[in-house]
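Take a look at the structure below. Then follow the text from one chain to the pair.

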Number of protein chains: 2
Amino acid sequence: MEIIQVNAASRPSRVYCGAGAAERYRELYAGAETFVVTDSNVYALYKERIAALFPSAAVCVFPAGERHKNRHSLFSVLDAMFAAQLHRRSVVVAFGGGVTGDMAGLAAALYMRGTRLVQVPTTLLAQVDSSVGGKTAIDYGGVKNAVGTFYQPETVLCDPAFLRTLPRRELVCGLGEILKTGVLDAAIGEKIEQNAARLRELSFLEEIAADCIRFKARVVAEDEREQGGARKCLNLGHTTGHALELAYGRRSHGAYVLIGMWLESFIAEREGVCSPDHARYVRRMVSLGMKRIPVFPQARGCVRYALLDKKNAEKGSVSLTLSSGRGAWREVSLPASAYAEYLARLEVRQ
Amino acid sequence: MEIIQVNAASRPSRVYCGAGAAERYRELYAGAETFVVTDSNVYALYKERIAALFPSAAVCVFPAGERHKNRHSLFSVLDAMFAAQLHRRSVVVAFGGGVTGDMAGLAAALYMRGTRLVQVPTTLLAQVDSSVGGKTAIDYGGVKNAVGTFYQPETVLCDPAFLRTLPRRELVCGLGEILKTGVLDAAIGEKIEQNAARLRELSFLEEIAADCIRFKARVVAEDEREQGGARKCLNLGHTTGHALELAYGRRSHGAYVLIGMWLESFIAEREGVCSPDHARYVRRMVSLGMKRIPVFPQARGCVRYALLDKKNAEKGSVSLTLSSGRGAWREVSLPASAYAEYLARLEVRQ
């Protein structure tokens, strides 16, 4: 069992990585009042496991799916917390994927100005990315993660056992964020290239997940609230990815991140941010998770979603985090019209 | 102009105290996109002043009153922020009393995971207490400040000019928190006793407000999130005060804090937390703001509101911050039944 410390400015958190991580809850939180939040899919799969891991806990189940990551679900979770008469020392356990972690995390941040929070991520995406770093949110007004806050979990329990039940779509989703980290960190990128054949094996994913979490812990320690700059690197591929995700849905978040990285590698090259060689390297990484980039017949129209992105510093412009070399990146702001022209590349078959 | 630095752990804020503080906005935030949140009462009084202080700002007005400090108003403010297409570098100005500061502060904390926030408190209560320290919230499910977060304003502009239009009720309200601070801080307490005749003069209030802010800044720097303990001192009189406020409404927050301090002085004495002499001192301080304690015929029933309080660490018990001596306090937890017996004292004329 590896324990990774995340020294965020607001409060530290600890990530337990490895087989048996989930079982650690009982000793770490013996005697604490526990309130589990999970979604209907995860509950159907893990009802008995939840009962065994959190024997005396109240369990709050909300309908699965990103479209339920909304104001209504948030307040229904808060209502259940009030009904259970939780206090500030109670522990909210977010048991599930990214949607559960984001929403239960926000509920924990807001209830009585904050309860204790433990993340138990059950998807690869949540394990390598969203459960670590304290971002919480709901979608609102057609904008992803538009309403939320930064709230660090005390503890994250990353147990690879949960990955065994993951559908293929969810594996690809997590892979998207892993490959993104590979572009951001030269050592992780090299490890991925050397193990390209094992990329879908659980044993390898377990190992690389810990590398990704260690990388993210460093970034979050430097810039918890995405202000100084360091944390912005994690948005690689996300400006375009989020815009497409909002416009087209259906595919997974990680798949859209890969498509975003692919498109943004061309932007980086044309804008003189990276060499053609490096842009090809980024696209090679993308191809490890996604063989062929899909066609989006009206991709240019997505510029309106990109304009809503919280990363934009000025109106009428789109902020992008672009990879400028192995382990290097730069933030670039483009006028909406210039960005729309780049999006057009997604309208034709590659 | 005095500038008081609040070194909260999450982020520092600066409080500008004195005549002309509001005018400082223009130079401090030259060129920043500004979004003003205020309530209908304050807007009616200060429409022109707001236009002059924040010439190019969007202004969002919500209906005045504690009963509008709710989920509906919060989301209507967020909707207006989205309509104005604010980004994270935009500045939300909470212009008004405690309700405005709490709710606009929460909207600023949540919009895109946080915009910049400036508090311009226009009531005595907000100036000496709620605008400083980063507590934000709405009421929910019949509990005061049940849903909220800690979010420090960058800047607080405390301008005594606004106090001139304050109704008497609002002055008494602020006085409640000032007298509370007098019990918590020996030097402030002494100053209040020596100036008892000037307690309702604006010149004295302006001076003592700065003392109270300096005191609060020290407390918040030590314990921003009310976890280590230091910040709990600010809850003096508040357990009983909040419970009565929820049950009876009508009177101001500060008036209820005074009533709470009065009752809790007896509790402190009987529970052996303070001497009879000190309890009398606390009641003398209370009497400077409130000549006669009102009768609450069914005060015992308020125990159910006290049980909902976020300060309670265990179920079925009520946590109280009790003054144990000049500048000293202790946290005490009482079984609900014992606390209800104490409440009975409010059922008869004093």
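The paragraphs below go through the sheet, the helices and the two chains.

This is a predicted model. Begin with the sheet in chain A. It is open and has 7 strands. Their order is β1-β2-β9-β6-β5-β3-β4. The pairing is mixed. Two strands of chain A form the edges: β1, residues 2-6, and β4, residues 58-62. Each of these pairs on one side only. From one strand to the next, the twist averages 20°.

Now look inside the sheet. Strand β6 of chain A covers residues 116-121, and strand β9 of chain A covers residues 155-158. These two strands pair in the parallel sense, over 2 bridges. Which residue is the bridge partner of A:Gln119 in β9(A)? The partner is A:Val156.

Next come two helices. Helix α2 of chain A, residues 40-53, lies across β3, β4 and β5 of chain A. Helix α2 runs at about 155° to β3(A). Helix α4 of chain A, residues 98-110, packs on the sheet as well. Helix α4 touches β3, β4, β5 and β6 of chain A. Its direction makes about 165° with that of β5(A).

Finally, turn to the pair of chains. Two copies of a chain are related by a rotation about an axis and a shift along it. Here, a rotation of 180° with 0.0 Å of shift along its axis superposes chain B on chain A, with an RMSD of 0.0 Å. That is the relation of a two-fold axis. In chain B, the C-alpha nearest the axis belongs to B:Ser10, 2.7 Å from it.

How do the copies meet? Of the interface residues of chain B, 100% are also interface residues in chain A, so the copies meet through the same surface.

Methods
Residues are numbered from 1 along each chain as its sequence is written. Chains are lettered from A and ligands numbered from 1 in the order in which they are written. This is a predicted model: local features need pLDDT of at least 70, side-chain atom pairs count only at pLDDT 80 or more; totals for chains, interfaces and linings use all residues. Side-chain values use heavy atoms; hydrogens and water are left out. Two strands pair if DSSP finds at least two bridges between them. Helices (H or I, at least four residues) and strands (E, at least two) are DSSP runs, numbered from the N terminus. Axes are lines fitted to C-alpha atoms, for helices over the stretch in contact, and angles run from 0 to 180 degrees between N-to-C directions. Contact means heavy atoms within 4.5 Å. Copies are superposed by least squares on the C-alpha atoms of residues with pLDDT of at least 70 in both.
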